[in-house]
Amino acid sequence: MKRAILFVPLLLLLFAAPALAQGPDYYLNIPPGWSEKYDGLYRYQLLESIVPDGEAGVYVFMSDKKEESDPVVYSNLFDALLRATEMFTHVRLLREVPGRMRTGEMKVRREYAAQIGGFSVHLFTLFSGRQGHMFLVAGFYTSDKGRSHQWDVKDCLNSFGFAN
């Protein structure tokens, strides 16, 4: 089993909604050589991009919950879920950077260090909402073999934006 798929179920907990509607267009620069999968994914997952060895990856999710589109609320909920699950241990928040997207929407970026299944990972999250939809862009790399992909993951998350 590739390490990349281990933390997808946690991400899905944030986006339990009755139906997935068409949301705003977004863009994301995928690193060269990484897979790009848009079909056959989990219900609220829009994209899965993983390096061939499974040691790093990026996922995009979109919720259809129109009641709450504050990225701080979702980011705090993700933090609580990350710490509550038995899948992840030794979770440490390394950095939090609130800000705004180029198009003006609020965003929250966080970086974590954690252990999953006995190996160390770095997790990156970016939450931002538009038109009542909350987006989560989540990236990871393993601390051992995946370290060579850390800038690819960071650059990919930094490239995320909404089309005008």
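## Working through a predicted fold

Let's start with one residue: Ser49 is buried, because its relative accessibility is 0%. Keep in mind that this is a predicted model. Now for some exercises.

### Exercise 1: the surroundings of Ser49

Work out where Ser49 sits and which residues it touches beyond four places away in sequence.

*Solution.*
- Step 1: find the element. Ser49 belongs to strand S2.
- Step 2: check the burial. The cut-off for buried is under 20% relative accessible area, and Ser49 has 0%, so it counts as buried.
- Step 3: list the contacts. Leaving out residues up to four places away in sequence, Ser49 touches Ile30, Trp34, Ser35, Gly57 and Val58.
- Step 4: look at the polar atoms. A polar atom of the Ser49 side chain lies 2.7 Å from the backbone oxygen of Ser35.

### Exercise 2: the sheet

Write down the strand order of the open sheet and find its edge strands.

*Solution.*
- Step 1: trace the order. The six strands run S2-S3-S7-S6-S5-S4, and the pairing is antiparallel.
- Step 2: pick out the edges. Strand S2 (45-50) and strand S4 (88-100) each pair on one side only, which makes them the edge strands.
- Step 3: add the twist. From one strand to the next it averages 15 degrees.
- Step 4: place the helices. Helix H2 (residues 71-84) packs on the sheet and touches S4, S5, S6 and strand S7 (133-142). Its direction makes about 5 degrees with that of S5. Helix H3 (residues 150-159) also packs on the sheet, touching strand S3 (56-62), S5, S6 and S7. The direction of H3 makes about 170 degrees with that of S7.

### Exercise 3: strand S7 and its partners

Decide whether S7 is enclosed or not, and name its bridge partners.

*Solution.*
- Step 1: count the buried residues. Ten of the ten residues of S7 are buried, so the rest of the structure largely encloses this strand.
- Step 2: split the strand by face. In a regular strand, side chains alternate between the two faces of the sheet. In S7, one side has His133, Phe135, Val137, Gly139 and Tyr141, the other has Met134, Leu136, Ala138, Phe140 and Thr142, and all are buried.
- Step 3: look at S3. Seven bridges join S3 to S7 in the antiparallel sense, and Val58 has Gly139 as its bridge partner in S7.
- Step 4: look at S6. Ten bridges join S6 to S7, again antiparallel, with Leu123 opposite Phe140 in S7.
- Step 5: check the turn. S6 and S7 form a hairpin with two residues between them, and Gln131 in the turn has a positive phi of about 50 degrees.

### Exercise 4: the cores

Find out which elements feed the largest nonpolar core, and look at the contacts of Phe160.

*Solution.*
- Step 1: get the size. The largest nonpolar core has 20 residues. Among those with the most contacts inside it are Leu28, Trp34, Val58 and Phe160.
- Step 2: name the contributors. S3, S6, S7 and H3 give two or more residues to this core, and S3 gives the most, with four residues.
- Step 3: follow Phe160. Leaving aside neighbours within four places in sequence, Phe160 is in contact with Tyr26, Tyr27, Leu28, Met101, Arg102, Leu126, Phe135 and Val137.
- Step 4: look for another core. A second, separate core of 19 residues includes Phe78, Phe88, Val121 and Phe140.

Note on methods:
Residues numbered from 1 in each chain as written. Predicted model: local features only at pLDDT ≥ 70, side-chain atom pairs only at ≥ 80, totals over all residues. Heavy atoms only, no water. Pairing = 2+ DSSP bridges. Axes fitted to C-alpha atoms, helices over the stretch in contact; angles between N-to-C directions. Contact = heavy atoms within 4.5 Å. Core = buried A, V, L, I, M, F, W, Y, C linked by side-chain atoms within 4.5 Å. Buried < 20%, exposed > 50% of the residue type's maximum accessible area, 1.4 Å probe, protein only. Polar contact = N/O pair within 3.5 Å; in protein donor to acceptor, adjacent residues only side chain to side chain.
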